[in-house]
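Hi,

Here is the model I said I would pass on. Have a look at it first, and my notes follow underneath.

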Amino acid sequence: MGKKFITWNEFYELGIESIDEQHKKLVDMINRLYDAFMEGKAQDITDEILDEMEEYAHYHFKTEEEIFSEYEYPDTETHLLLHTVFFERTSLYKEEHNSGKENVHYKLLDYLKDWLLNHIQGADVQYVEYFKKQNITL
Ligand SMILES: [Fe+2]
């Protein structure tokens with residue numbers, strides 16, 4: 001493949017290795033979906049991406065939640081609410097796709113891109129900054 005739709009760079013980097021590695025998986029999902037879309041094959045990969053989103057949500061959110069509880073992150077509740085929304089969205093898109101609705105991949109691409117920009121560079125950056133201020137090294 002030529003140029004990637006999203007290239008991982010330092011702006012996405014939170015500096016917590018386990019979390020960054022997982023976030024790279026998200027970027028990879030977006031790129032694969034986009035590539036398939038460009039080849040007119042997005043419909044074929046939608047099932048796979050939806051399953052991966054579900055899996056991703058399970059292990060990735062668990063990693064974050066463990067960090068939050070270990071270091072008593074004060075905004076845990078708000079952050080976990082955002083994770084719940086991700087789960088709900090994923091099942092909603094899954095239902096739509098399974099009921100034969102076409103073009104769910106557009107929504108997935110939009111949603112995942114938005115998640116990268118707003119969740120990772122928003123809510124996730126907030127906890128990183130909080131831990132930094134507390135001199136907690138992760
Ligand atoms: Fe998060």
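**Starting from a tryptophan**

Trp115 counts as buried because it has 20 C-beta neighbours inside 10 Å. (Buried means 20 or more other C-beta atoms within 10 Å of a residue's own, exposed means 12 or fewer, and partly exposed is in between, with C-beta atoms placed from the backbone.) Trp115 sits in helix α4. Its C-alpha is 9.4 Å from that of Leu26, although 89 residues of sequence separate Trp115 and Leu26.

Two housekeeping points before the rest. Numbering starts from 1 along each chain as its sequence is written. The model is predicted, so I only describe local features at pLDDT of at least 70 and count side-chain atom pairs only at pLDDT 80 or more, while totals for chains, interfaces and linings use all residues.

**Overall picture**

The protein has four helices and zero strands, so the order from the N terminus is α-α-α-α. Helices here are DSSP runs of H or I with at least four residues, strands are runs of E with at least two, and both are numbered from the N terminus. Along the principal axes, the C-alpha atoms fill a box of roughly 50 × 35 × 20 Å. The radius of gyration is 16 Å, which agrees with the value near 14 Å for a compact globule of 138 residues; it is taken over C-alpha atoms, and the globule rule is 2.2 Å times the number of residues to the power 0.38. Of the 138 residues, 17% are buried. Among contacts between residues at least 6 apart in sequence, 71% join residues at least 24 apart, a contact being two C-beta atoms, placed from the backbone, within 7 Å.

**α4 and α3**

Helix α4 covers residues 104–133, and its end C-alpha atoms are 41 Å apart, in agreement with the 44 Å that 30 residues should span at 1.5 Å a residue. (The expected span is 1.5 Å times one less than the number of residues.) There is also a kink of about 35° in α4, centred on His119, where the bend is the angle between axes fitted to the seven residues ending there and the seven starting there. Besides Trp115, the buried residues of α4 are Val104, His105, Leu108, Leu112 and Tyr127. Their cover includes α1 (17–38), α2 (42–70) and α3 (76–98).

For α3, 23 residues should span 33 Å, and the end C-alpha atoms are indeed 33 Å apart. Thr90, Tyr93 and His97 are its buried residues, with α2 and α4 included in what covers them.

**The core**

What is in the largest nonpolar core? It has 14 residues, and those with the most contacts inside it are Leu26, Met29, Ile30, Leu33, Ile49, Leu108 and Leu112. α1, α2 and α4 each give two or more residues to this core, and α1 has the largest share, with five. (Such a core is a set of buried Ala, Val, Leu, Ile, Met, Phe, Trp, Tyr and Cys residues joined through C-beta atoms within 7 Å.) Leaving aside neighbours within four places in sequence, Ile49 is in contact with Met29, Leu33 and Leu108.

**Positive phi**

Glu72, in the loop between α2 and α3, has a positive phi near 50°, and it is exposed, with 9 other C-beta atoms within 10 Å. Asn135 comes just after α4 and has a positive phi of about 60°. Asn135 is exposed too, with 6 other C-beta atoms within 10 Å. Gly100, which follows α3, has a positive phi near 90°.
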